[in-house]
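Open the model in your viewer and keep the selection box at hand. Each stop below says what to select and what is there.

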Amino acid sequence: MRHTFFTTLPAIGILVFGLSPFAGAASGECRVIPAVAANFEWLWWMLAGCGTLAFAVIFWNLLLRRQVERRTVELQDELRRRTLAEQSRQQTEEQFRHVIEFCPIGVLMYRLESGDRLILTAGNTAAEKILGIELRPHLGKTLEEIFPGLGHTDIPERYRRICKNGIPWEIHGFHYKDEHSQGVYEIYAFQTSAGQMTVMFTDISERIRSREALECSEAQLSSILRAAPIGIGLIVNRTFVHVNNHLCGMLGYTQEELIGQNSRTIYPTQEDYDQVGSEKYAQIRKTGVGAVQTHWLRKDGEIRNILLSSSAIDIQDLSKGVIFTALDITAQIQAQQALAESQRTLSTLMGNLPGIAYRCRNTPDWPMDFISKGCLELTGYTDEQFLNNTVAWNDLIFAEHKQYVWDEIQKALAQRKNFQLEYQIRTAEGQEKWVWEQGCGIIDNSGNVAALEGFIADITARKQIKLELQQFQFAVEHFGESAYWVNPDARFVYVNDAACQQLGYSRQELLTMGIADIDVQFPMERWDEYWNEVKEKKFLRFETHHKSKEGRRFPVEISSNFVQFGGNEYIYAFGRDICERKQTEDQLRLNAERMEALLKVNQMTDAPLEQITNFALEEAVRLTKSKIGYLAFLNEEQTVLTMHAWSKTAMAECAMSNKPRQYPVASTGLWGEAVRQRKPVITNEYDSPSPLKKGYPEGHVSLHRHMNVPIIVRSKIVLVAGVGNKEQDYDPADVQQLTLLMEGMWHLIERIYAEEAREKLMKELQAKNEELEGIVFVASHDLRSPLINIQGFAGELQKSCRELTVLLGRESLSETNSRAVRRILDEDIPESLNFISAGTGKMDTLVKGLLRLARIGITQLHIEPVDMNRLMATILKTVQYQTREYDIEIRADNLPPCLGDWVQLNQVFSNLIDNSIKYRHPGRKSVIEINATRQNDRVRYAVRDNGVGVAPEHHRRIFEIFHRLNPAGPVKGEGLGLTIVQRILDRLDGKIDIESVPDKGAAFIVELPAVPGK
């Protein structure tokens, strides 16, 4: 028979009142029974009152708990929204950090602190790559500590002035060297805010080395051209553009007399001039090179025989020019004439010629009938080897040239003309050489070709010079930057392809133009001053703007070099289009300004809403280079725009006396277009016809350009920001600046509202907690008092029963009455007293648990680093008796420390270990393992056992108050242990979780803050 505390009370009452008739019937025999009945009556009323009070307390606790849980859920939702807003802000900041981080230009940021200490605060990856050092260890150090080599320069003082007065500064070609870094740098430094500055720099060492190498190459080529033993020149449309000194010596003219003159001047007759032009250009068009023998007229009237070889710069466009070499072969001709007079004299002469004179038969192997001694120097074979056919001339010719040589000679023989050839041979030593061959056919009396006679010269050096010249010309023509040669009259004498493409003019057009035609900023009245400055310094760099043929203006960086070439003075300049660099600099500047504005906005946490929105709006107008701006909030239904703020200039220019504040989205003009389209709207021609709703009331600020953007948060438009009257067109960059700034402002507003709501909720929650704690404490205290009384009077009742038994033993009763009284005294009353004792004991345990749980929230914490190894050793000593009694093995690893309260953590892990001992598996040896891992700034401790485990449906419920896995099981307890553990960890910024499989064991995971640096 089972009874609860509440079912026991009426039973006791019935028992007490039931004794009264019995006492009356036996009044003559026993007078003590009425007194006992009277004691039971007041005990019944006292127990009934205690039960009612306990029921009211429990009901009130449940009601308050539901209210607290509801408010807690609301608080968690609000905190979640605040977290999302913060994450969005952090994502925006991260995007701008990426812009700086992945910028290819080195960026360093400094802050001027007290004592004029210039401290490094940040730097990007490009800066580390350029300087060859890792910046993170140097953050917080002074400029002189990081770059000791700067201590002997004026740069530290310049940087400090920039931080103070904000005047930017740049330097080109700054040389720096220390144990880590070395190079030549371009530096641009500017102030980002009061006391803070940014330095942008790039290493131009490679550029300088390339320029020096090019100048050296040009000087070498110039020296080669001056020292070349043959005449070399460049003609365009048969007009001399360049000639070397040897050519001038051949003709008796100076370079000044030849350059710019038509080549007709040096030909004796118009026939010679025409013949050379037709033959040479025909060969060039066919093979790319042309060779012709002709006559030139020297200035002194002497006619010279010339071997003229030409090669087109561009075979597809001969107008680009032809490079030629001229060999005075007058002596060779005279030698040929002398051959007829004396074979011996001819042989001697040929033996000393720098080449080969020959006579051979007209067959594919070219067997020699005569060859001069010069063949040994040219080919490595002796004349005997050729004459006895040990070696054939055809064996020396490159395989790919053999057919060409045969065809050209046969063609010339058929036309009864001399032939001139250039081809490659391979010498006896395997050396590859280019040779120039000129010859003719010897016709016999029958009109047949009896033999070939001619001359072969080594032109390998000339070919190399020509190749190098072509390579140099090709490199200049295909150089990525515009190149100009400018004469003292500021006129162009040469431009490359890049210059033509950049300016949109043809080469012929540019060569008729000058600096004044393309440079819209250069003061031509200062041309002489500029010329003399470049001439003195040899190099000058500056920035200006060029104008293309289509009228497009773009910034360029000009690098000017003074050169002397062919006896003339020139400025050789490179022009680099720096549009992208300027745009990047502008974008970086705007980004820095926006970041500064966002920083200031985020620092305005205590400012009123009006001040925050006004500041953000003025910054938006400034960053987009606008004249006016406005800010409007959207209602919850997104149907009405409420104008919140106008910029100062807009308020000053607006003449409307009654400015409306609310605008329905459906009917308003461009103010609402961004809401209707849910995207930014740009109107760069406000007065032009458009399907969009435009216009404004009389007296409103006149609009020329307009842009507004919607700020969308969690799929809802919360505000619209607009700007207007920028001098240039609005573009996507303006949209980005305005959007990011307004998003940052909105995140701050949300954060302020969230903070205010959180503080309000926290105060309400704290008040409720204090109220609940007070109620629990008072109720528990008031409950314990009657429980003590019940326990005391139950003891008195037991004592009275014993006395009644003694008295009944002295009196004579009938056997029936005696058995009834004995049954009541020995069975019914003791059974009821046992139930009373058990119920009061259980209630006392629950009340103590409630008091312990209530005190957790008011106990003062002492947060400090806790040595978990020492704490665990203390706990394990307290459970030694149980571990020995039940043969339990406990394994504890080396545990890292954490931040917490020693006493509270002792209670947490004592409860967890006690649970593992209580819920051990009866069928196997119990093992408890305690280990930990650190993850960033948190430590995860695990208490694992191989006990009975916990079913998945109980994983969350076991932390609820009074919840027990098996209330009727052998393990006793009030169901408060894990609830107390969770409450303690909540106060210590910790967490607890469970991993368990039934019958396999359980693991309780406790997460706590780690000790920084350990």
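## Stop 1: salt bridges across the chain

Select Arg714, which is partly exposed at a relative accessible area of 47%. Keep in mind that this is a predicted model. Which residue meets the side chain of Arg714 in a salt bridge? Add Glu750: the closest approach, N to O, is 2.8 Å. Glu750 sits in helix H25 (residues 732–810), while Arg714 is in the loop between strand E25 (706–713) and E26. The two are 36 residues apart, so this pair links distant parts of the chain. Glu750 counts as buried, at 14% relative accessibility.

Now select Lys716 and Glu636. Their side chains form a salt bridge of 2.4 Å, N to O. Lys716 belongs to strand E26 (residues 716–724), and Glu636 to the loop between strand E21 (628–634) and strand E22 (640–646); the bridge therefore ties together parts 80 residues apart in sequence. Glu636 is exposed at 59% relative accessibility. Lys716 is partly exposed, at 28%.

Next, select Lys373 and Asp383. This salt bridge brings its closest N and O atoms to 2.7 Å. Lys373 is in the loop between strand E12 (368–371) and helix H12 (375–379), and Asp383 is in helix H13 (residues 383–387), so parts 10 residues apart in sequence are tied together. Is Lys373 buried or exposed? Lys373 is exposed, with a relative accessible area of 52%. Asp383 is buried, at 9%.

For a network, select Glu186, Arg207, Arg541, Glu557 and Arg576. Salt bridges with shared partners join them. The structure's salt bridges number 45.

## Stop 2: helix H20

Select residues 527–537, helix H20. Which residues of H20 are buried? Color Trp527, Tyr530, Trp531 and Val534. Look down the axis: these buried residues fall within an arc of 100°, so they line one face of the helix. An α-helix has 3.6 residues a turn, so residues three or four places apart point the same way. Asp528 and Glu536 are exposed on the other side of H20.

What covers the buried residues of H20? Show strand E16 (482–486), helix H19 (515–518), strand E18 (539–547), strand E19 (553–565) and strand E20 (568–577), which are included in the cover. Then step to Lys538, just after H20, where phi is positive at about 70°.

## Stop 3: aromatic rings

There are 24 aromatic pairs in the structure. Select Phe386 and Trp393, a tilted pair with 5.9 Å centre to centre and 45° between the planes. Both Phe386 and Trp393 are buried.

Move to Phe522 and Tyr530. Their pair is edge-to-face: 5.2 Å centre to centre, with 75° between the planes. Phe522 and Tyr530 are buried too. Add Trp527, Trp531, Phe542 and Phe562, and ring pairs link them with Phe522 and Tyr530 into a cluster.

## Stop 4: a surface patch and a buried leucine

Select Phe55, Phe59, Trp60 and Leu63. They form a nonpolar surface patch with about 440 Å² of accessible area together. Trp60 is in helix H2 (residues 33–101). Trp60 is partly exposed, with a relative accessible area of 36%.

Finish at Leu670, in helix H24 (residues 670–677). Leu670 is buried, at 1% relative accessibility. Add Ile682, 12 residues away along the chain: the two C-alpha atoms are separated by 9.5 Å.

Technical notes: Residues are numbered from 1 along each chain as its sequence is written. Side-chain values use heavy atoms; hydrogens and water are left out. Patches are made of residues with over 30% relative accessible area and no salt bridge: like charges are joined within 9 Å, nonpolar side chains (Val, Leu, Ile, Met, Phe, Trp, Tyr) within 5 Å. Accessible areas come from the Shrake-Rupley method with a 1.4 Å probe; for residues, only the protein chains shown count as cover. A salt bridge is a side-chain nitrogen of Lys or Arg within 4 Å of a carboxyl oxygen of Asp or Glu. Helices (H or I, at least four residues) and strands (E, at least two) are DSSP runs, numbered from the N terminus. Buried means under 20% relative accessible area, exposed over 50%, partly exposed in between (1.4 Å probe, protein chains only). The arc is that of the directions from the helix axis to the C-beta atoms. Contact means heavy atoms within 4.5 Å. Rings of Phe, Tyr and Trp (its six-membered ring) pair if their centres lie within 6.5 Å; planes under 30 degrees apart count as stacked, over 60 as edge-to-face and the rest as tilted.
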